[in-house]
Amino acid sequence: MRYGGTEPLQHSTSFIPWKIAPSLIQEDCSGSLFQLLRTKFEVDIYRSMESIEPILTNQTMSELLNIPVGSPSFLLESITYSTKQSPIELSSSIVRGDRSKFVMESIMESNQKYIFNSD
């Protein structure tokens with residue numbers, strides 16, 4: 001759960017393969033998960049595929065986020081890969097729609113090819 005002060009803003013769940021970080025459950029995961037994977041488990045993070053989808057909250061998520069059932073929210077899903085192209089994290093988050101702002105930045109280098117995919 002992520003908060004803005006005392007107000008719940010986002011509920012996130014991440015799945016990490018056991019073989020990537022076998023003792024992760026014993027670590028302090030209150031900070032940056034990716035920083036922990038880099039420093040403690042020597043995982044080289046390369047890229048992620050992310051999606052953002054508008055949803056309406058169900059009873060459980062509404063109770064966790066302290067908002068009315070059916071509130072507009074966002075479902076964020078991502079898969080993160082290592083430099084070896086192995087998936088290292090699957091993440092799913094529900095973010096309150098009334099307290100969200102998404103900012104995206106793209107850096108284009110002339111010597112790289114880009115693939116844009118939209119479903």
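## Exercises on a predicted fold

Among contacts (heavy atoms within 4.5 Å) in the chain between residues at least 6 apart in sequence, 49% join residues at least 24 apart. This is a predicted model, where local features need pLDDT of at least 70, side-chain atom pairs count only at pLDDT 80 or more, and totals for chains, interfaces and linings use all residues. Residues are numbered from 1 along each chain as its sequence is written, and side-chain values use heavy atoms, with hydrogens and water left out.

**Exercise 1.** Work out which pattern the chain follows along the sequence.

*Solution.* Start with the elements: there are 2 helices and 5 strands, taken as DSSP runs numbered from the N terminus (helices H or I, at least four residues; strands E, at least two). Now read along the sequence, and you get β-β-α-β-α-β-β.

**Exercise 2.** Place Arg96 and decide whether this residue is buried or exposed.

*Solution.* First, find Arg96 in strand β5. Next, take its relative accessibility: Arg96 counts as buried because the value is 5%, and buried means under 20% relative accessible area, exposed over 50%, partly exposed in between (1.4 Å probe, protein chains only). Then look at its neighbours: leaving aside residues up to four places away in sequence, Arg96 touches Glu7, Pro8, Leu9, Leu65, Asn66, Ile67, Pro72 and Ser73.

**Exercise 3.** Find what share of the chain is buried.

*Solution.* Use the burial cut-off from Exercise 2. Of the 119 residues in the chain, 25% are buried.
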